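Open the structure in your viewer and keep the selection tool at hand. The tour below goes from stop to stop, saying what to select and what is there.

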Amino acid sequence: MDFYERLSLRGILWAHLHNLYGSAFQDFFDDVMTLCVPGFVDVRTHGKLGDLSSDGLALHDGRLYACYAPETVDYAATIRKFRSDLTGAIKKRSGQFTTFVFVHNDVRGMHPQLSAEMAAAQSTHPRIAFEIMGFRHFRDLLGKQQSSDVEEVLKTLLPMHHTVAVGLQEMEELLADLASKRLSDASPVPIETVSAHKLLYSDLMTDTQAELRNGMRHSAMISDYYQRRIDITERDEVAARFHAEYLDAINNGLDPEDVLLRMREFLAGNRTSTAPRYRAQTAILAYFFESCDIFKNAPVGWQPTLKVGVQ
């Protein structure tokens, strides 16, 4: 896949995962791993044997995969499932794996309590490595494949041209949704000039930075929308609410990629998103990023660090 195909993949995969749980997620996982990982063995259940506490094995690197994809996320239940799968794998598959990979369908990422549980498991079982696998891992694996193969796994076509314009209708619907979420007591954000290095300072992944940069092309459209509103305070109140959500995400210890995902969910919820609507979401996120309502601005004088030996 080329750069623009990978960008279009992000939105489609994000929407696709929202509808996958239970056996449907297991089928998706098997399809992805069989396509992307040489030596992967998709383990099916068989009579009283079950699956011997494994949803898949990668024979070349000693990874055992355990999938959990509930329809509704319950972190206490997730931790119980992690403990149960690990105990079963150690008992039934001793000597067959060196890394235990817990695979989940929560596009928001790993809950802090699960990370603590994994750290405790690592201390208890020092000879086993522990990993988590979710949305971003699927994205990175599929991004290395041919687009035709990825389309077969996702059962949908990827957009032929990433530069399809954002539709004004989708944009205005999303902005109207934002207006309905306004809180009058949200504190205004101080106005400041965005740094030329803000994208790099954000510590977002390279593809994410490119996606936001592309979305900024539509900032003038959003500014024009707010200039035409009867309520001249609407933009500032929406921006303040966005900033409050951003601060809450930061205070919860989310990493930059998960913070941006949290902002997307605040903007459009968890509902399945079409490609045009996803592009509209990205344009709005880019607008509030550019106006410094979300993500910190680079400090005055900050310069990107050049890596030694990289040209």
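## Start at Gln26

Apart from neighbours within four places in sequence, Gln26 is in contact with Asp55 and Cys67, where contact means heavy atoms within 4.5 Å. This is a predicted model, in which local features need pLDDT of at least 70, side-chain atom pairs count only at pLDDT 80 or more, and totals for chains, interfaces and linings use all residues. Residues are numbered from 1 along each chain as its sequence is written, and side-chain values use heavy atoms, with hydrogens and water left out.

Gln26 lies in helix α2, residues 23-36. Helices (H or I, at least four residues) and strands (E, at least two) are DSSP runs, numbered from the N terminus. With a relative accessible area of 17%, Gln26 is buried. Buried means under 20% relative accessible area, exposed over 50%, and partly exposed in between, with a 1.4 Å probe and protein chains only.

## The whole chain

Now select everything. The chain has 13 helices and five strands. It holds 311 residues, of which 47% count as buried. Among contacts in the chain with a separation of 6 or more, 75% are between residues 24 or more positions apart. The accessible surface of the chain comes to about 16500 Å², and 53% of that belongs to carbon and sulfur atoms. Accessible areas come from the Shrake-Rupley method with a 1.4 Å probe; for residues, only the protein chains shown count as cover.

## A charged patch

Go back to helix α2 and select Asp27, which is found there. Asp27 is partly exposed, at 47% relative accessibility. Add Asp31, Asp42 and Glu152 to the selection: together with Asp27 they gather in a patch of negative charge on the surface. Patches are made of residues with over 30% relative accessible area and no salt bridge; like charges are joined within 9 Å, and nonpolar side chains (Val, Leu, Ile, Met, Phe, Trp, Tyr) within 5 Å. Lys and Arg count as positive and Asp and Glu as negative, while His and the chain ends are not counted. The place of a charge is taken as NZ of Lys, CZ of Arg, CG of Asp or CD of Glu.

## Pro70

Select Pro70 next, in the loop between β3 (63-68) and α3 (75-92). Is Pro70 buried or exposed? At 18% relative accessibility, Pro70 counts as buried. Not counting residues up to four places away in sequence, Pro70 touches Tyr21 and Asn105. Pro70 and Tyr21 are 49 residues apart in sequence, yet their C-alpha atoms are 5.4 Å apart in space.

## Salt bridges

How many salt bridges does a search of the whole structure find? The search finds 14. A salt bridge is a side-chain nitrogen of Lys or Arg within 4 Å of a carboxyl oxygen of Asp or Glu.

Select Glu211 and Arg10, whose side chains meet in a salt bridge at 3.0 Å, N to O. Glu211 lies in helix α9 and Arg10 in helix α1 (residues 3-18), so the pair ties together parts that are 201 residues apart in sequence. Glu211 is buried at 6% relative accessibility, and Arg10 is buried at 6%.

Move on to Arg136 and Asp258, which form a salt bridge with the closest N and O atoms 3.6 Å apart. This pair links distant parts of the chain, with Arg136 in helix α5 (residues 135-142) and Asp258 in helix α12 (residues 256-268), 122 residues apart. Arg136 is partly exposed, with a relative accessible area of 26%, whereas Asp258 is buried at 10%.

Then select Glu245 and Arg262, whose side chains meet in a salt bridge at 3.8 Å, N to O. Glu245 is in helix α11 (residues 234-251) and Arg262 in helix α12, 17 residues apart. Add Arg241 and Asp248 to see one network: salt bridges that share partners join these two with Glu245 and Arg262.

## Two loop residues

Most residues other than glycine have a negative phi. Select Lys155, in the loop between α6 (147-154) and α7 (168-180). Phi of Lys155 is positive, near 60°, and Lys155 is exposed at 67% relative accessibility.

The last selection is Asp203, in the loop between α8 (198-201) and α9 (206-215). Asp203 has a positive phi of about 65° although it is not a glycine. Asp203 is exposed, with a relative accessible area of 58%.
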